[in-house]
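Hi,

Here is the structure I said I would pass on. Have a look at it first, and then read on for what turned up.

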Amino acid sequence: MPLERVDIGGVPVDILPPDGLEAAMLELLAKDKPAQIVFLSVWGLLKARKKNTYAQCVKNADMVIPVSKSIVKGAAFLGYPRVYRYEPFETVVSMLTILERYGKSLYLLGGTKKTVLSAERNVRVTYPDLPVVGRYFGRYHKRMEQDIRAAVYKSAPSLVLLSSGVCDGDCWFYTRREHFRKSIFVYYKDAIPIFAEKKKHISKAVFEKGSEIYGEIIRNPLKIFSFFSYLHYWYILLRQRSYMKKQTAYVQR
């Protein structure tokens with residue numbers, strides 16, 4: 001059953017209830033073509049409003065999952081049905097659990113050589129019945145590109161988990177989609193470093209409060225200027241809601 005997709009600031013966002021992830025993934029896996037799941041932050045949403053490759057990537061993604069609290073609030077502000085927010089790493093964990101349950105497979109792409117090997121070992125221990133059919137580090141030489149694509153094509157993994165070091169991020173799959181025949185592609189920058197225990201993922205309490213931005217500001221003080229982007233985001237939604245009300249009033253005449 002297709003997900004309900006809403007428009008927030010001109011960018012598509014899917015309504016995926018917590019208990020709907022398994023069915024949604026199985027539906028994508030049943031298709032004989034590659035698919036993409038995008039984790040969308042509010043900053044990603046603003047980027048996707050422009051005319052660029054990322055915008056096309058998000059528009060054509062099979063599933064767009066919001067990770068920012070501001071997107072959930074924005075959807076409510078526009079009068080849409082409840083939009084559910086997902087913590088990326090916990091969602092990846094849930095995906096791997098689903099894959100293991102149904103006898104599917106995984107390919108890891110990202111991190112350093114040492115990190116991806118460590119992540120693979122930990123994934124094999126945590127998910128003993130989930131075959132890891134291949135792996136490669138992220139910052140690979142350009143001449144390796146064709147070999148990596150061929151390896152993914154031949155092994156036909158159920159899920160390709162892309163992580164740090166992969167050029168173009170979410171757009172890596174989108175700009176190479178014609179080279180694959182199936183598989184779900186998911187990009188999350190910190191996935192492999194976290195599996196390798198080289199990085200910690202945010203706590204559940206911090207995520208639920210939506211205060212992860214403060215940790216990012218501490219690590220990079222320049223991110224405090226993102227506040228202006230946040231104000232711009234709400235200005236966009238205010239204009240959208242005004243337009244939606246005018247359209248409703250016109251239809252009701």
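Cys167 comes out as partly exposed, with a relative accessible area of 34%. Bear in mind that this is a predicted model, so treat the values below as computed from it. Cys167 is not part of any disulfide: the nearest cysteine sulfur belongs to Cys171 and sits 10 Å away. Cys171, for its part, is buried, at a relative accessible area of 9%.

Which cysteine sulfur is closest to that of Cys171? The one in Cys57, at 4.5 Å, and that is too far for a bond, because a disulfide needs the two sulfur atoms within 2.5 Å. Searching the whole structure gives zero disulfides.

Next, the pocket. The second largest pocket holds about 480 Å³ of space. Its lining is made up of 20 residues, and those nearest the centre are Pro18, Arg85, Tyr86, Glu87 and Phe207. Helices α1 (21-30), α4, α5 (88-101) and α10 (204-209) each give two or more residues to the lining. The largest share is that of α5, with four residues. If you are thinking about the chemistry of that lining, the split is nine nonpolar, three polar and eight charged residues.

One of those helices, α4, is worth a closer look. It runs over residues 69-77, and its buried residues are Ser70, Ile71, Gly74 and Ala75. Why do they end up on the same side of α4? Because they cover an arc of only 140° around the axis. After α4 comes Gly79, which has a positive phi, near 85°.

Last, Arg241. You will find this residue in helix α12, which spans residues 226-252. Is Arg241 buried or partly exposed? Partly exposed, with a relative accessible area of 28%. Apart from neighbours within four places in sequence, Arg241 is in contact with Phe77 and Leu78. Phe77 falls within the residue range of α4, 69-77. Arg241 and Gly9 are 232 residues apart along the chain, yet 9.6 Å separates their C-alpha atoms.

That's what I have on this one.

Cheers

Methods. Residues are numbered from 1 along each chain as its sequence is written. This is a predicted model: local features need pLDDT of at least 70, side-chain atom pairs count only at pLDDT 80 or more; totals for chains, interfaces and linings use all residues. Side-chain values use heavy atoms; hydrogens and water are left out. Buried means under 20% relative accessible area, exposed over 50%, partly exposed in between (1.4 Å probe, protein chains only). The arc is that of the directions from the helix axis to the C-beta atoms. On a 1 Å grid over the protein atoms alone, a cavity is a set of points where a 1.4 Å probe fits but cannot get out, and a pocket is an open set with protein on both sides within 12 Å along at least five of seven lines; lining residues have an atom within 4 Å of a point. Grid points are joined across faces, edges and corners, and a volume is the space filled by probe spheres set on the points. Ala, Val, Leu, Ile, Met, Phe, Trp, Tyr, Cys and Pro count as nonpolar, Asp, Glu, Lys and Arg as charged, and the others, Gly among them, as polar. Contact means heavy atoms within 4.5 Å.
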